[in-house]
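Open the model in your viewer and keep the selection panel at hand. We will go from the whole chain to single residues, one stop at a time.

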Amino acid sequence: QVQLVESGGGLVQAGGSLRLSCAASGRTGSNYIMGWFRQAPGKEREFVARITWSAGSTYFADSVKGRFTISRDNAKNTVYLQMNSLKPEDTAVYYCAAKKSGYTVYDNWGQGTQVTVSS
C-alpha cells in the first residue's frame with residue numbers, strides 16, 4: 001500500500017501559478033506511475049498529468065498541456081505539479097494517485113487539495 005499526501009493548494013488569481021506536492025510513502029518503487037487528477041464541483045474526476053518514477057516520462061491532458069508540468073524527486077519520494085497561467089476553469093480539488101506500471105487502475109489516492117482560481 002502506498003500513502004499519498006498532497007499539499008500546496010490555495011487561492012490564486014487567473015494567470016497566476018501554484019505548485020502542488022505529493023509526498024509518497026509505503027510500498028513505493030521505480031515501477032510505479034504517479035498521476036494527478038482533479039474534480040470540479042458537479043463534474044467527474046478527470047485526468048490531469050502523469051509521470052513514471054523510473055524514466056520520468058510524462059503525459060498531460062490537452063486542457064493543461066503547455067501550462068502544467070509534472071516532475072518527481074526520487075530522493076524525497078515526492079511528485080510535483082507546477083501549474084502556470086491558471087484559469088478559473090482549473091478550479092477543482094486536485095488528487096495525487098499511484099499505480100503500478102502495467103495496471104489500468106490507480107489504486108492509491110491522496111486526500112486531495114483545493115485549488116481555487118479567481119477571475
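**Stop 1: the whole chain**

Show the surface. The accessible surface of the protein comes to about 6200 Å². Carbon and sulfur atoms own 47% of that area. Keep in mind that this is a predicted model.

Now switch to a cartoon and colour by secondary structure. You will find 11 strands and 0 helices. Read along the sequence, the pattern is β-β-β-β-β-β-β-β-β-β-β. The radius of gyration is 13 Å, close to the 14 Å that the globule rule gives for 119 residues, so the protein is as compact as a globular protein of that length. Along the principal axes, the C-alpha trace spans about 40 × 25 × 25 Å.

Colour by accessibility next. Of the 119 residues, 42% are buried. Then look at what touches what. Among contacts with a separation of 6 or more, 53% join residues 24 or more positions apart.

**Stop 2: Leu-20**

Select residues 18-26. This is strand S3, and Leu-20 is found in it. Is Leu-20 buried or exposed? Leu-20 counts as buried, because its relative accessibility is 0%, and the cut-off for buried is under 20%.

Show the surroundings of Leu-20. Leave out residues up to four places away in sequence. Leu-20 then touches Ser-7, Gly-8 and Gly-9, as well as Trp-36. The list goes on with Val-79, Tyr-80, Leu-81 and Met-83. Tyr-94, Thr-113 and Val-115 complete it.

For a sense of scale, draw a distance from Leu-20 to Ala-55. These two are 35 residues apart along the chain, and their C-alpha atoms are separated by 21 Å.

**Stop 3: Thr-113**

Step from Leu-20 to one of its contacts, Thr-113. Thr-113 lies in strand S11, residues 113-118. Thr-113 also counts as buried, at 10% relative accessibility.

Which backbone atom does the side chain of Thr-113 reach? Zoom in on Gly-9. The side chain of Thr-113 comes to 3.2 Å from the backbone nitrogen of Gly-9.

Widen the selection around Thr-113, again leaving aside neighbours within four places in sequence. Thr-113 is in contact with Glu-6, Ser-7, Gly-8 and Gly-9. Thr-113 also contacts Leu-20, Ala-92, Val-93 and Tyr-94. Ser-7, Gly-8, Gly-9 and Tyr-94 are on the contact list of Leu-20 too.

**Stop 4: the aromatic rings**

Show Phe, Tyr and Trp side chains as sticks. The structure holds 6 aromatic pairs. Start with Phe-37 and Phe-47, which pair edge-to-face. Their ring centres are 5.7 Å apart, with 75 degrees between the planes. The pair links distant parts of the chain: Phe-37 is in strand S4 (residues 32-39), and Phe-47 is in strand S5 (residues 46-52), 10 residues apart.

Compare how each ring residue is covered. Phe-37 is buried, with a relative accessible area of 11%. Phe-47 is partly exposed, at 25%.

Now add Tyr-59, Tyr-95, Tyr-106 and Trp-109 to the selection. Together with Phe-37 and Phe-47 they form one aromatic cluster.

Which rings of this group does Arg-45 lie over? Select Arg-45 and see. Its charged end sits over the ring of Tyr-95, 4.1 Å from the centre. Arg-45 also lies over the face of Trp-109, at 4.4 Å from the ring centre.

**Stop 5: the loops**

Go to the loop between strand S7 (68-73) and strand S8 (78-83), and pick Asn-77. Asn-77 has a positive phi of about 55 degrees, although it is not a glycine. Asn-77 counts as partly exposed, at 24% relative accessibility.

Stay in this loop and select Ala-75, which is also between S7 and S8. Ala-75 is exposed, with a relative accessible area of 79%. Draw a line from Ala-75 to Ala-92: the two are 17 residues apart in sequence and 29 Å apart in space, C-alpha to C-alpha. Ala-92 is one of the contacts of Thr-113.

Last, select Ser-85, in the loop between S8 and strand S9 (92-100). Ser-85 is another non-glycine residue with a positive phi, near 50 degrees. Ser-85 is partly exposed, with a relative accessible area of 42%.

Note on methods:
Residues are numbered from 1 along each chain as its sequence is written. This is a predicted model: local features need pLDDT of at least 70, side-chain atom pairs count only at pLDDT 80 or more; totals for chains, interfaces and linings use all residues. Side-chain values use heavy atoms; hydrogens and water are left out. Helices (H or I, at least four residues) and strands (E, at least two) are DSSP runs, numbered from the N terminus. Buried means under 20% relative accessible area, exposed over 50%, partly exposed in between (1.4 Å probe, protein chains only). A polar contact is a pair of N or O atoms within 3.5 Å; within protein, one must be able to donate a hydrogen and the other to accept it, and residues adjacent in sequence count only if both atoms are side-chain atoms. Contact means heavy atoms within 4.5 Å. Rings of Phe, Tyr and Trp (its six-membered ring) pair if their centres lie within 6.5 Å; planes under 30 degrees apart count as stacked, over 60 as edge-to-face and the rest as tilted. A charge sits over a ring if NZ of Lys or CZ of Arg is within 6 Å of the ring centre and within 35 degrees of the ring normal. The radius of gyration is taken over C-alpha atoms; the globule rule is 2.2 Å times the number of residues to the power 0.38. Accessible areas come from the Shrake-Rupley method with a 1.4 Å probe; for residues, only the protein chains shown count as cover.
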